[in-house]
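Subject: Structure handover

Hello,

Here is the structure I said I would pass on. My notes on it come after the structure itself.

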Amino acid sequence: MYVETYERVWMWLAGGLIAVFLGVIVATAANGAIAPPSHLETVDPAALSTHPEFGSPTVRTNADGSVVVTVVASMFSFTPDPIEVPADTPITFRLTSSDVIHGFEVVGTNANAMAIPGYVSQFTVTFKTSGDYVIACNEYCGVMHHMMVGKLTVKPVSR
Ligand code: CUA
């Protein structure tokens with residue numbers, strides 16, 4: 001097959017660019033230990049009620065001031081609800097589900113992850129703006145999916 005030199009050059013350039021872009025993704029993921037929020041830690045979805053952490057999902061403040069929010073999603077609500085956290089503070093969410101896959105999206109922010117039975121999804125966000133936020137389930141989980149909402153209240157902190 002005959003390919004024009006000019007076309008051949010552009011094909012190699014395009015191929016090279018794809019290789020560079022993929023390389024950047026792999027390198028930054030490896031260097032920053034970046035992983036998807038879930039699938040690093042497992043939990044038995046059938047034994048959540050007796051689990052030391054997920055048995056009583058709540059907001060915990062560590063000695064260093066960081067905040068961990070444990071959330072269990074189940075048809076068709078989030079526990080705890082409402083969730084109250086301080087503004088301008090790193091908040092680590094740890095989510096799981098007791099039944100099917102749910103979504104956990106703090107509407108209007110970049111806090112958004114899946115709650116997957118059997119796995120812990122973890123991510124950390126800092127809310128700059130205090131106020132009330134809607135937590136929406138954004139994965140279809142059953143007939144009442146559209147009613148599955150929670151509330152997040154971000155309280156201003158005085159420092
Ligand atoms: Cu839970 Cu949709």
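What follows is a list of findings, from the overall form down to single residues.

Overall form

Please keep in mind that this is a predicted model. The protein has one helix and ten strands. Along the sequence the helix comes at the start of the pattern, which reads α-β-β-β-β-β-β-β-β-β-β. The radius of gyration is 21 Å, whereas the globule rule gives 15 Å for 159 residues, so the protein is more spread out than a compact globule. Along the principal axes, the C-alpha atoms fill a box of roughly 65 × 45 × 30 Å.

Buried residues make up 34% of the 159 in the protein. The accessible surface comes to about 9700 Å², and carbon and sulfur atoms account for 62% of that. If one takes the contacts between residues at least 6 apart in sequence, 60% of them join residues at least 24 apart.

The helix and its surface patch

Helix α1 covers residues 5-31, and Trp 10 is found in it. Trp 10 also belongs to a nonpolar patch on the surface, together with Tyr 6, Val 9 and Leu 13. The accessible area of these four residues together is about 480 Å².

Salt bridges

The count of salt bridges is three. Two of them involve Arg 94, which is linked with Glu 41 and Glu 53 in a network.

- Arg 94 and Glu 41: the closest N and O atoms are 2.8 Å apart. Arg 94 lies in strand β5 and Glu 41 in the loop between α1 and β1 (59-61), so this pair ties together parts that are 53 residues apart in sequence.
- Arg 94 and Glu 53: here the closest N and O atoms are 2.7 Å apart. Glu 53 also lies in the loop between α1 and β1, so its bridge to strand β5 ties together parts that are 41 residues apart in sequence.
- Asp 132 and Lys 151: the N to O distance is 3.8 Å. Asp 132 is in strand β9 and Lys 151 in strand β10, so the bridge ties together parts that are 19 residues apart in sequence.

How accessible are the partners in the network? Arg 94 counts as buried because its relative accessibility is 10%, under the 20% cut-off. Glu 53, with a relative accessible area of 17%, is buried as well. Glu 41 is partly exposed, at 34%. In the β9 to β10 bridge, Asp 132 is exposed with a relative accessible area of 56%, and Lys 151 is partly exposed with 38%.

Aromatic residues

There are five aromatic pairs by count. One of them is Phe 93 with Phe 104, a tilted pair with 5.4 Å centre to centre and 50° between the planes. This pair links distant parts of the chain: Phe 93 is in strand β5 (residues 90-97) and Phe 104 in strand β6 (residues 102-106), eleven residues apart. Both of these phenylalanines are buried.

Another tilted pair is Phe 127 with Tyr 133, at 5.8 Å centre to centre and 40° between the planes. Phe 127 is buried, with a relative accessible area of 3%. Tyr 133 has 15% relative accessibility and counts as buried too.

Which residues make up the aromatic cluster? Phe 78, Phe 93, Phe 104, Phe 123, Phe 127 and Tyr 133 form one cluster, so both pairs described above lie within this group.

Two further residues

His 145 is found in the loop between β9 (131-136) and β10. At 17% relative accessibility, His 145 counts as buried. With neighbours within four places in sequence left aside, His 145 is in contact with Phe 76, Cys 137, Asn 138, Glu 139 and Tyr 140.

Ser 158 sits in the segment after β10 (149-155). Is Ser 158 buried or exposed? Ser 158 counts as exposed, at 74% relative accessibility. Its distance from Thr 79 is 28 Å, C-alpha to C-alpha, with their positions 79 residues apart in sequence numbering.

Regards

Terms used. Residues numbered from 1 in each chain as written. Predicted model: local features only at pLDDT ≥ 70, side-chain atom pairs only at ≥ 80, totals over all residues. Heavy atoms only, no water. Patch = residues over 30% accessible without salt bridge, like charges linked within 9 Å, V, L, I, M, F, W, Y side chains within 5 Å. Areas by Shrake-Rupley, 256 points an atom, 1.4 Å probe, with all protein chains shown as cover. Salt bridge = Lys/Arg side-chain N within 4 Å of Asp/Glu carboxyl O. Helix = DSSP H or I, 4+ residues; strand = E, 2+ residues; numbered from the N terminus. Rg over C-alpha atoms; globule rule 2.2 N^0.38 Å. Buried < 20%, exposed > 50% of the residue type's maximum accessible area, 1.4 Å probe, protein only. Contact = heavy atoms within 4.5 Å. Phe/Tyr/Trp six-rings, centres within 6.5 Å; stacked < 30°, edge-to-face > 60°.
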